[in-house]
Structures are given as C-alpha cells and as structure tokens.
Amino acid sequence: MFLNIDVLEDINNIPLNFDKPYVLKNNKMAAVKKWNLDYLKNKLSNETVRTQYYKSIEEFQTKSGTVIYKKFSEYISDMKNNKLCYILESELKHLENVLDKNDITERFKFRRHCESKHLYLGINTYSNCHIHLLDDVVLNQIFGKKIVYMYDYYDNPLLEPVSIFHKNPNFIKDNFWTLDLSKYKVYKVVLEPGDCLLIPPWWWHAVKGIDLSCSVSMFYKRTDLNYIKMSDIKIRILLCKKECDNIIILYAIIYSIFYNIIIIFNNNSSI
C-alpha cells in the first residue's frame, strides 16, 4: 500500500541538495543517548518555549491551534494532564545557553550551514500534510517514534492546497488523517531514535507522534532552485511569501525564466 523511502547507506555521500527524501540510520547526535523527559525538565524547567494548544483532536489534526509562549515546566504539567498541546517549531537557539551545545551538533557532513534548529515534543501529536518551500529539512528523531507520510508535489493532484491567501498556505485542504490513503501514491517511514529523515522542498508530508515523542528539525538553505519550474510559478511565489524575502522571490522568478528559455532553445535546436 505504501512506498518505501530510500535508506542512504553511505553517510559520507549525502547529496548537497536533497531532491528526494532519504532516511539515515544511526544518528550519533549526543541528544539521542542523553535526552529523556527528566533530562529536559531539569535543563529547561524555567525556559520559555513555543507551544500550540488545540480545542479538539480534529483541530489538532488540521489546524495550527493557538500559539502560546510559556515555561517548559508549565507545558509539561499540561501535557501530563492530557491537554491537547504540542511544543512545535520552538527555536533552540535561545536554549543553547542551558543545553549542552554538543547535544544537537550535526554528526553528518551536510556541507551547508544549519540556519535554524527547532524542538518538537508532545504526546500523540499530529501535523497535517504540508510542504516546506525553500529549505532542505533534516528531521532527527531523538526519543519515541514518529510516523511520516510523504508524497511529491505532483503525485496526488486531487489533494489540493488551501487558498493561497490562507494564513498557512503550505497545507492541504483535507484532513490527511481521515483520508483513505490506499487511493493515493504515498511513501511511509517509521522513525525511531537515531533515525534522520531528509526532506526536500515541495514534498508534502504529514507527521504523527506515537506516545511521548521528541525530535529536532534542522533547516538548511539550498544552493540551487532547480526544483522551481515555470509551471505553477505563480502559486509557488505566493506560497513562498510566508518564508522568503523579496530578493529570493525575485531570484526564483529570474532563475525559472532563464531555466525554461534554455530548455525551449535546446528543444528547438534539436528539431
């Protein structure tokens, strides 16, 4: 029913830019061996983290919820009291002074500078199907398990994105978790502690945390924009308005125009 994501065996041969997803095994990041809930409570108890709260399971599965910045200890108390909440996209940079800086140091040679690192922590969490727009993302599973479902931007045209004017225009309209996935082309991977998932831009993905789960996502700027084609360039630019500045958008337009001119010229030359 589900397709498998390739496992990249040679960790010294990681592509400079990810054009399809890969799974890396045996992440030697120190946090995989050191982190558990007690460790994080001890380190982060009085630190402020970005959380999201939800009114129902349906809202958890489909919407962004209400963003609240609160102390880590307060969030843990709410989580244990079965409130629907999630530490989601909480920037780790401001926590480096309390965490061991070596805990989340990359152990693979990505050959690019990591732009940002985000913490995810919760119980039986959901992220509805969405895409990243310009960055390559490495999802590092620290403890617990996560199930990730993925498909390429062009694989399932019946699964439409929300309006380009939506506050989160990089999500699909449907509740992914209620779909009959046998009708679609979908890849699936179960991430266990020490696993990494390499996620390129424009790959839709939905994520479910199993029981208590913790992961760290790392964002890397690409060195090329080959994946942006003239088709859909308008919608892509509108989607990008959330995550990139005008210079990058202008570059994407110019790059796409010249890319397609070259293709057309080459095709005509071969006639």
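**Helix H2 and the largest pocket**

In this predicted model, the buried residues of helix H2 (residues 37–44) pack against helix H1 (30–34), helix H4 (72–80), strand E6 (114–123), strand E8 (135–152) and strand E11 (203–221).

Q: Which residues of H2 are the buried ones?
A: They're Leu37, Tyr39, Leu40 and Leu44. Buried stands for under 20% relative accessible area, so each of these falls below that cut-off.

Q: What puts these buried residues on the same side of H2?
A: Their directions from the helix axis to the C-beta atoms cover an arc of only 160°, and that places them on the same side of H2. In general, an α-helix has 3.6 residues a turn, so residues three or four places apart point the same way.

Q: What makes Asp38 and Asn42 exposed?
A: Exposed means over 50% relative accessible area, so both residues, on the other side of H2, are above that value.

Q: Why does the pair Asn36 and Asp38 at the start of H2 count as a polar contact?
A: A side-chain oxygen of Asn36 reaches to within 3.1 Å of the backbone nitrogen of Asp38. The cut-off for N or O atoms is 3.5 Å, so the pair passes on distance.

Q: What makes a residue part of the lining of the largest pocket?
A: A lining residue has an atom within 4 Å of a pocket point, and 45 residues qualify. Nearest the centre lie Glu89, His130, Asn168, Asn170 and Phe171. Elements that each supply at least two lining residues include E6, E8 and E11. The space in this pocket comes to about 920 Å³.

Technical notes. Residues numbered from 1 in each chain as written. Predicted model: local features only at pLDDT ≥ 70, side-chain atom pairs only at ≥ 80, totals over all residues. Heavy atoms only, no water. Buried < 20%, exposed > 50% of the residue type's maximum accessible area, 1.4 Å probe, protein only. Helix = DSSP H or I, 4+ residues; strand = E, 2+ residues; numbered from the N terminus. Contact = heavy atoms within 4.5 Å. Polar contact = N/O pair within 3.5 Å; in protein donor to acceptor, adjacent residues only side chain to side chain. 1 Å grid on protein atoms, 1.4 Å probe; cavity = no way out; pocket = protein on both sides within 12 Å on 5 of 7 lines; lining within 4 Å. Points joined across faces, edges and corners; volume = space filled by probe spheres on them.
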